[in-house]
There are 2 protein chains.
Amino acid sequence: MGNESFGRYISVIYRHLQILLNNRLNSYGVGSGQYIFISAIYKNQGISQKDLTKLIKIDRATTAKALLKLEQNGYVDRIKDKDDKRYHKLYLTKKGIDFIPILDEIQNDLTNILSEGMDPDEYSKTIKSLELIFNNVQNSVSLLKNE
Amino acid sequence: MGNESFGRYISVIYRHLQILLNNRLNSYGVGSGQYIFISAIYKNQGISQKDLTKLIKIDRATTAKALLKLEQNGYVDRIKDKDDKRYHKLYLTKKGIDFIPILDEIQNDLTNILSEGMDPDEYSKTIKSLELIFNNVQNSVSLLKNE
């Protein structure tokens, strides 16, 4: 790869992962950028769009675009909050809930692909390193916001 | 993070990395999806758009969009191939070449952020693991293409 930096590897792995995800999600009408919202709403039924954006650590525009697609394709319902009509609460539809086990299987399949040839010790050490890298970038991004 | 899989970590690290990159590249009129083309053309002056797409392991549309922006902002020249006028060869402009040391500094800075708190042994083991993960996803993507 020439330049052996974490950033370079993370980027090329990410791009390949999107190809694999799109290939598996394609027939369900779900994009690689959308499935993560299905999981998050499933675990947090009734969450607001604002809280969902925070939870996924993404920008508001990306959330709005993904939710629109998921609503159009019948995975997500947006219900007006009774107490405050300016806000919507997000729920999975039956189609969305039925998709959860399929999504779990896709994610397990991808985890198996990614970790092929790695022993359990190497796997857990790599997870620990990725956790450290994630904390480092997260701290650095939060410093930007306080600038 | 709840679901402790490689894929989930790769995705959130990638998204945070894009924020950090955009923050640093913003004042130069270069997007986080474009800088990689500057480096690649620098190392391969005169490369064709087709070969560049292959080299970066990205899709043609993304390459075309990034090159248009880089040409508009004065970083890249597209010169018609004398031998075959259907093709263009890509070169960095003086502005593009002058940007290389700045880009190196930005990338070094990000590598330092990502690897903060990691000793040299952990660093090289993590690079080795990321290399394995990359080979795994690359093999899996190439199997898709042969389906």
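**Notebook: a two-chain model**

Two strands pair if DSSP finds at least two bridges between them. I start with that rule, as I will need it for the sheets below.

**Before reading anything**

I am looking at a predicted model, where local features need pLDDT of at least 70, side-chain atom pairs count only at pLDDT 80 or more, and totals for chains, interfaces and linings use all residues. Residues are numbered from 1 along each chain as its sequence is written, while chains are lettered from A and ligands numbered from 1 in the order in which they are written.

**Confidence**

I looked up pLDDT, the predictor's confidence in each residue, from 0 to 100. Chain A averages 90, and 97% of its residues score at least 70. A reminder to myself: where pLDDT is low, the predicted coordinates should not be read in detail. Among the elements of chain A, helix H3 (residues 49-56) has the lowest mean, 89, and helix H5 (residues 94-114) has the highest, 95. For the model I noted ipTM 0.83 and pTM 0.84.

**Chain A, the overall plan**

I count elements as DSSP runs numbered from the N terminus: helices are H or I with at least four residues, strands are E with at least two. Chain A then has six helices and three strands. Read from the N terminus, the order is α-α-β-α-α-β-β-α-α. The C-alpha trace of chain A spans about 55 × 45 × 25 Å along its principal axes.

Domain bounds come from an automatic or database domain assignment. For chain A the assignment gives domain 1 (6-108) and domain 2 (117-147), and their C-alpha centres lie 23 Å apart.

**The sheet in chain B**

In what order do the three strands of chain B stand in their open sheet? I read E1-E3-E2, with antiparallel pairing. Strand E1 (47-48) and strand E2 (76-80) of chain B are at the edges with a single partner strand each, so one side of each has no neighbour in the sheet. Two bridges join E1(B) to strand E3 (residues 88-92) of chain B, and I found Ser48(B) opposite Lys89(B) in E3(B).

Helix H2 (residues 35-43) of chain B lies across E1, E2 and E3 of chain B, at about 100° to E3(B). Such axes are lines fitted to C-alpha atoms, for helices over the stretch in contact, and angles run from 0 to 180 degrees between N-to-C directions. Contact here is between residues whose C-beta atoms, placed from the backbone, lie within 7 Å.

**Comparing the copies**

I checked how chain B maps onto chain A: a rotation of 180° with 0.0 Å of shift along its axis superposes them, at RMSD 0.0 Å. The two copies are thus related as by a two-fold rotation axis. The same surface serves both copies, as 100% of the contact residues of chain B recur in chain A. The superposition is by least squares on C-alpha atoms of residues with pLDDT of at least 70 in both.

In chain A, I picked out Leu90(A) in E3(A) as the bridge partner of Ile47(A).

**One glycine**

Is Gly117(A) buried or exposed? Gly117(A) sits in the loop between H5 and helix H6 (120-145) of chain A. With 9 C-beta neighbours inside 10 Å, Gly117(A) counts as exposed. The cut-offs, with C-beta atoms placed from the backbone: 20 or more others within 10 Å is buried, 12 or fewer is exposed, and in between is partly exposed. Of the 147 residues of chain A, 27% count as buried.

Notes
Two residues are in contact if their C-beta atoms, placed from the backbone, lie within 7 Å.
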